[in-house]
Amino acid sequence: MLGTRRSRDATLSSDRATERMSQSSRSIEQDLLRAAGTYRLGDALELVSGSSQQNNRGGFADNFAIRGFLSTADGGGEYYVDGFSANRGSAPARDPATIERIEVLKGPAGAVFGDIDPAGRVNMVTKTPRFTPQASARLSYGSFDTRRLELDATGSLTDTLAARIVVAVEDSDGYRDFVTLKRRTVAPSLTYRPSDAVQLTYVAQLIRYASPFDRGVIAVNGDALALPASRFLGEPNNGDTIARDTRHQLTGEARLGEGWSLVGGAAYRSGSLRGFSADQSRLVGDRTLWRQRRERGYEVEDLAARLELRGEVAALGMHRPSVGVKGYTLDYLELLRRRNPADPARGGLPYAIDIYDPVYGVAEAAPLLPSIDQREKRRAVTLYAQDLWNVGNGISLVGGARYDHVDQKLRRNLTGATSQRISQPVTFRLGARYQIDRAVAVHANWGESTLLNSGSGADGAAFAPERGQGYEVGVSGRWAGLDVGATWFDIRKSNVLTTDPRDVNFLAPVGTLRSRGVEFDATLRLGRHWQAVANYAWTRARYDDDTFPTPRALNVPDHSGSVFVAYTQETERGTWRMSAGATYVGERSGATDTSGLVLPAYTKVKAAAEAPLTPWSTIRLEADNLLNERYALSSYNSYWIYPGAPRTVRLSLNAAL
């Protein structure tokens with residue numbers, strides 16, 4: 001656990017077996033998220049070893065890899081909100097104002113309601129109502145004319161009913177020319193607690209995210225930093241792409257007595273992504289960039305439900321079994337119209353722009369043509385069971401089994417072709433932990449996974465499921481004020497999707513991707529004032545598929561690490577806070593094609609100071625990328641490279657009641 005936990009809702013979080021057996025997992029709590037200046041998911045993941053930033057889908061997605069693996073190079077790593085998958089199909093970036101904590105669940109023991117991945121999963125736990133009245137407001141202004149307002153209020157309506165409302169509004173001109181941002185988030189919630197044994201919580205979240213679809217910059221002669229970070233290579237007159245996401249969720253717990261409880265819930269999500277863009281396609285000569293015009297129209301509906309029985313049984317030690325059933329239906333529509341640039345010598349329209357001296361609004365594209373029109377429908381049912389067995393004498397064992405029945409249909413409306421895949425995989429996981437003494441423990445975990453892949457490749461065929469298997473062994477130590485852990489992992493997956501090296505407009509499956517490495521995480525508390533978080537990862541993620549010119553996994557550095565230090569001091573007026581941190585990311589492969597693009601290593605520094613104005617208000621000054629390092633955040637290929645933000649300064653006024 002990184003930071004200080006205020007509460008834990010068993011209906012939204014990872015289970016007890018994960019907390020006990022997954023020594024490499026970390027939970028980033030609200031106080032540390034605030035101290036670290038978290039504005040997107042990637043900011044938080046810097047605090048945990050083994051994560052890496054991936055292609056952000058034109059600025060609209062939270063995309064990451066854990067231990068070298070992600071779901072797809074375009075759609076992003078699958079993540080959870082309150083234990084439900086939150087970005088199947090398409091979803092915009094989440095706003096941190098609604099997040100109570102972020103659980104980074106690593107390895108085969110990192111389970112969330114029966115779901116595991118040998119690499120890891122991320123579960124964001126949302127803020128829910130409290131019966132004690134609280135309210136806060138935060139007004140921020142920063143670099144690039146960024147304005148942001150956050151409101152958060154909670155309290156009881158009756159003795160058994162509490163409510164909460166979180167609102168976040170942000171407008172920014174952005175550090176990239178013409179790439180503005182307007183995001184709106186509203187998250188109301190209710191908790192009904194008629195007795196100590198029963199609780200129901202309803203959470204809604206409405207997100208609107210508007211910005212030009214931005215593929216970043218291109219590499220010139222293999223240099224990912226050849227162009228300024230501000231250089232926009234799209235067309236301003238294409239306007240904003242707009243993402244919408246609406247979520248309704250109901251979860252509950254009934255304590256049955258004698259250590260048994262029933263937890264469950266349901267979540268419904270609908271969303272869309274619509275807009276036009278000019279995407280970089282080909283560099284002709286030294287400075288003329290041909291572009292492809294696109295129109296996107298994605299729609300998604302996702303309904304999920306789960307029910308789990310948990311308990312305790314004293315027999316040859318203490319058993320904590322759980323058995324559950326869950327399922328979901330998905331309806332995902334992908335509409336894409338595009339027009340490739342054509343040679344003007346043959347009467348074509350290249351939709352061109354000068355990369356060094358861009359003039360906007362002049363180039364014309366040919367009329368758009370249908371490219372992708374396909375609807376994917378899924379119906380899935382899962383049965384799972386596990387048991388955490390505390391044998392005694394410091395020994396704990398965990399075992400789990402899972403059965404899935406999945407019916408996946410893909411209809412390509414342009415051709416009328418339909419494909420169907422029914423799969424019924426059975427997967428297992430095992431783990432052991434030995435407490436050597438009061439401070440030191442060793443652990444070992446092994447597990448399997450199956451993950452459905454959405455969509456089809458350049459040949460129109462639906463993708464086969466991704467299958468994985470991996471193990472980890474590690475040691476951890478906990479002393480007064482010090483928590484350290486080191487883990488070795490070795491994971492293999494087949495049918496992992498990444499950029500097709502023969503046609504960058506599509507994805508392609510890799511034969512096998514193997515990732516192995518070492519992770520180190522540590523937290524240190526010195527008295528009531530100082531807290532430090534440090535991590536390092538060596539991750540060797542490599543393909544074994546000769547179709548790909550490079551064996552290196554996209555955007556995954558061999559070496560990465562970070563350190564973050566926070567100081568607090570209580571006074572009569574209020575609390576003083578200071579913090580500073582640095583993140584190092586090593587060289588990474590920037591493309592899977594023959595370009596051999598390598599994104600250079602970088603080090604990014606941040607610092608913040610917060611001072612009390614009154615007992616109920618503070619002022620905060622923070623700077624990210626303090627030394628103004630130029631770096632490439634991530635890439636999809638040598639034509640779609642997203643530059644990192646330059647030095648960013650924010651001033652915030654905070655009030656709490």
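Helices and strands are DSSP runs, a strand having at least two residues, and they are numbered from the N terminus. This report uses those numbers for a predicted model.

**Two residues with positive phi**

Asp145 sits in the loop that connects strand S8 (134-142) with strand S9 (146-156). Asp145 is not a glycine, yet its phi is positive, at about 55°. Its relative accessible area is 29%, so Asp145 counts as partly exposed. Partly exposed is the class between buried, under 20%, and exposed, over 50%.

Asn555 also has a positive phi without being a glycine, with a value near 65°. The loop that holds Asn555 runs between strand S27 (530-543) and strand S28 (559-570). Asn555 has a relative accessible area of 1% and is therefore buried.

**A five-stranded sheet**

Five strands make up an open sheet in the order S1-S6-S7-S4-S5, and their pairing is mixed. Strand S1 (26-29) and strand S5 (84-85) each have a single partner strand, so they stand at the edges and one side of each has no neighbour in the sheet.

Within this order, strand S6 (residues 99-106) and strand S7 (residues 120-126) run antiparallel and are joined by seven bridges. Opposite Leu105 stands Arg121 of S7. Arg121 also takes part in a salt bridge, with Glu78 as its partner.

**Salt bridges**

Side chains of opposite charge can pair when their charged atoms come close. The structure contains 45 salt bridges. The table gives three of them, with the distance between N and O.

| Acidic residue | Basic residue | N to O distance |
|---|---|---|
| Glu78 | Arg121 | 3.1 Å |
| Asp145 | Arg147 | 3.2 Å |
| Asp279 | Arg215 | 3.6 Å |

What does the salt bridge between Glu78 and Arg121 tie together? Glu78 lies in the loop between strand S3 (64-66) and strand S4 (80-81), while Arg121 is in strand S7, so the pair connects parts that are 43 residues apart in sequence. Glu78 and Arg121 are both buried.

The salt bridge between Arg147 and Asp145 brings back the loop residue described above. Arg147 is at 34% relative accessibility and so counts as partly exposed. Asp145, at 29%, is partly exposed as well.

Asp279 and Arg215 form another salt bridge, with their closest N and O atoms 3.6 Å apart. This pair links distant parts of the chain, 64 residues apart: Asp279 belongs to strand S14 (residues 260-284), and Arg215 to the loop between strand S12 (198-211) and strand S13 (241-257). Are these two residues buried or exposed? Asp279 has 0% relative accessibility and therefore counts as buried. Arg215 has a relative accessible area of 6%, so Arg215 is buried too.

Some salt bridges share partners, and these join a set of residues into one network. Its members include Arg34, Asp95, Arg138, Glu170, Arg577 and Glu622.

**A nonpolar patch**

A nonpolar patch on the surface has about 750 Å² of accessible area together. It is formed by Leu256, Leu262, Leu307, Val325, Val381, Leu383, Tyr403, Val426 and Phe428. Which elements give two or more residues to the nonpolar patch? They are strand S19 (369-392) and strand S22 (426-435). Leu383 is one of the patch residues and is found in strand S19. With 45% relative accessibility, Leu383 counts as partly exposed.

Notes: Residues numbered from 1 in each chain as written. Predicted model: local features only at pLDDT ≥ 70, side-chain atom pairs only at ≥ 80, totals over all residues. Heavy atoms only, no water. Helix = DSSP H or I, 4+ residues; strand = E, 2+ residues; numbered from the N terminus. Buried < 20%, exposed > 50% of the residue type's maximum accessible area, 1.4 Å probe, protein only. Pairing = 2+ DSSP bridges. Salt bridge = Lys/Arg side-chain N within 4 Å of Asp/Glu carboxyl O. Patch = residues over 30% accessible without salt bridge, like charges linked within 9 Å, V, L, I, M, F, W, Y side chains within 5 Å. Areas by Shrake-Rupley, 256 points an atom, 1.4 Å probe, with all protein chains shown as cover.
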